[in-house]
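I am opening a notebook on a structure that is new to me, and I want to look up a few residues and helix pairs one at a time. The entries follow in the order in which I looked.

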Amino acid sequence: MKGRDYLKLYGYFVKNNIIAQMAYRSNFIISILTEVGFIFAKSLYIIVLFSAGLSIRGLEPKQMLLFIGSYTLITGIMDAVCYPNIAAIPEYIRTASLDLMLTKPVNSLFISAFRKFDLGLGIPNVAGGLAMIAVSWKLSGIPFTAYHVLGFVFFIVLGCILTFPILMIPVTCSFWMIKSSALMDVIWAMWDFNNMPMTIYNRIIKAIGIFVLPVFMVTNLGPMFLLGILPRIYMVYAMTAIPVFLKLSITFWNFAIKRYSSAGG
């Protein structure tokens, strides 16, 4: 299949998932309300942050809101596109559902990682994240120019792309694990490191989160670009890290598939 065929197939995946969610609207509404609850809890945290009025490593609350908003926005995209699939892959392996996918004339990684789409999980976080970004943008006095908007969008897109290998590499370990709940807990805990600006962490943690496992590059680069504190080395490394980690995740998946022993015999 060609790239255009995969885009068309993904469009069908998204369409079918949305139709299925609309058929069970109560579940769809519950998903939205659950995420709204998380946004509300996060809003209380932001209120406390502004009430305290403390700056951390030179960042004021109005600037930290930009990081929190970017994290919330990308979390919403991840919840809609990645989370349902990441959570399902261990079950595909355990129940032998992966066997059927391997018989399809479609790349096994593509159909495993993009088969599901959850609109209900994504809407509240995307909307909440955009609202936080807009408020922080205005309060921080950041110029609203094409340069700033396009630069910010560019780094947000890079973060979304980088999310895929960061999540896929550890979940591929499910091929050799009977119980993967602990693995999933580690993945989500790792993801939550982005909840605050990476500048609050010490030099060693920042180095690991950038150059070893680039989880900090997912949500931090966009806000740092807008605030004018993005080191050039991070920009250069982002361009090289994405193809490297994408290649690594694909290679690791193919390695696991070749050694896959069906649970269904």
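**Entry 1: Ser249**

I began with Ser249 in this predicted model, and I noted that its relative accessibility is 1%, so Ser249 counts as buried, the limit being under 20%. I then placed Ser249 along the chain and found it in helix 12, which covers residues 232-258. When I followed its side chain, I saw that it reaches the backbone oxygen of Leu246, at 2.8 Å. Setting aside the neighbours within four places in sequence, I listed Phe164, Pro165, Met168 and Ile169 as the residues in contact with Ser249.

**Entry 2: Ile257**

I stayed in helix 12 and turned to Ile257, which also has its place there. I checked Ile257 against Leu98 and found that the two are 159 residues apart in sequence, while their C-alpha atoms are 9.8 Å apart in space. Leaving out residues up to four places away in sequence, I wrote down that Ile257 touches Leu98, Leu102, Ser108 and Phe175.

**Entry 3: Asn17**

I moved next to helix 1, residues 3-23, where Asn17 is found. Is Asn17 buried or exposed? I read a relative accessibility of 18% for Asn17, and because the limit for buried is under 20%, Asn17 counts as buried. I also noted that a polar atom of the Asn17 side chain lies 2.6 Å from the backbone oxygen of Phe13. Beyond the neighbours within four places in sequence, I found Asn17 in contact with Arg115, Lys116 and Phe117.

**Entry 4: Phe67**

I looked up Phe67 and located it in helix 3, which runs over residues 61-81. At 2% relative accessibility Phe67 counts as buried. I compared its position with that of Ser136, which is 69 residues away along the chain, and found 9.1 Å between the two C-alpha atoms. Which residues does Phe67 touch, not counting those up to four places away in sequence? I listed Leu59, Pro197, Asn220, Pro223, Met224 and Leu227.

**Entry 5: helix 3 with helix 8**

I kept helix 3 in view and examined how it packs with helix 8, residues 146-171, and I noted an angle of about 50° with the axes 11 Å apart. That angle makes helix 3 oblique to helix 8, and I recorded their crossing as right-handed. From helix 3 I listed Ser70, Leu73, Ile74, Ile77 and Met78, which meet Phe152, Ile156, Cys160, Thr163 and Leu167 in helix 8. Sorting the residues of this contact by class, I arrived at eight nonpolar, two polar and no charged.

**Entry 6: helix 2 with helix 7**

I ended with helix 2, residues 25-52, and helix 7, residues 119-139, whose axes come within 7 Å and cross at roughly 25°. Because angles under 35 degrees count as roughly parallel, I entered helix 2 as roughly parallel to helix 7. The crossing of helix 2 and helix 7 is right-handed. On the side of helix 2 I noted several residues in the contact, among them Phe28, Ile32, Glu35, Lys42 and Phe50, and on the side of helix 7 I noted others, including Leu119, Gly120, Asn125, Met132 and Leu139. By class, I recorded twelve nonpolar, three polar and two charged residues in the contact of helix 2 with helix 7.

How values were computed
Residues are numbered from 1 along each chain as its sequence is written. This is a predicted model: local features need pLDDT of at least 70, side-chain atom pairs count only at pLDDT 80 or more; totals for chains, interfaces and linings use all residues. Side-chain values use heavy atoms; hydrogens and water are left out. Helices (H or I, at least four residues) and strands (E, at least two) are DSSP runs, numbered from the N terminus. Buried means under 20% relative accessible area, exposed over 50%, partly exposed in between (1.4 Å probe, protein chains only). A polar contact is a pair of N or O atoms within 3.5 Å; within protein, one must be able to donate a hydrogen and the other to accept it, and residues adjacent in sequence count only if both atoms are side-chain atoms. Contact means heavy atoms within 4.5 Å. Axes are lines fitted to C-alpha atoms, for helices over the stretch in contact, and angles run from 0 to 180 degrees between N-to-C directions. Angles under 35 degrees count as roughly parallel, over 145 as roughly antiparallel, 65 to 115 as roughly perpendicular and the rest as oblique. A crossing is left-handed if the near helix is turned anticlockwise from the far one by less than a right angle, and right-handed if clockwise. Ala, Val, Leu, Ile, Met, Phe, Trp, Tyr, Cys and Pro count as nonpolar, Asp, Glu, Lys and Arg as charged, and the others, Gly among them, as polar.
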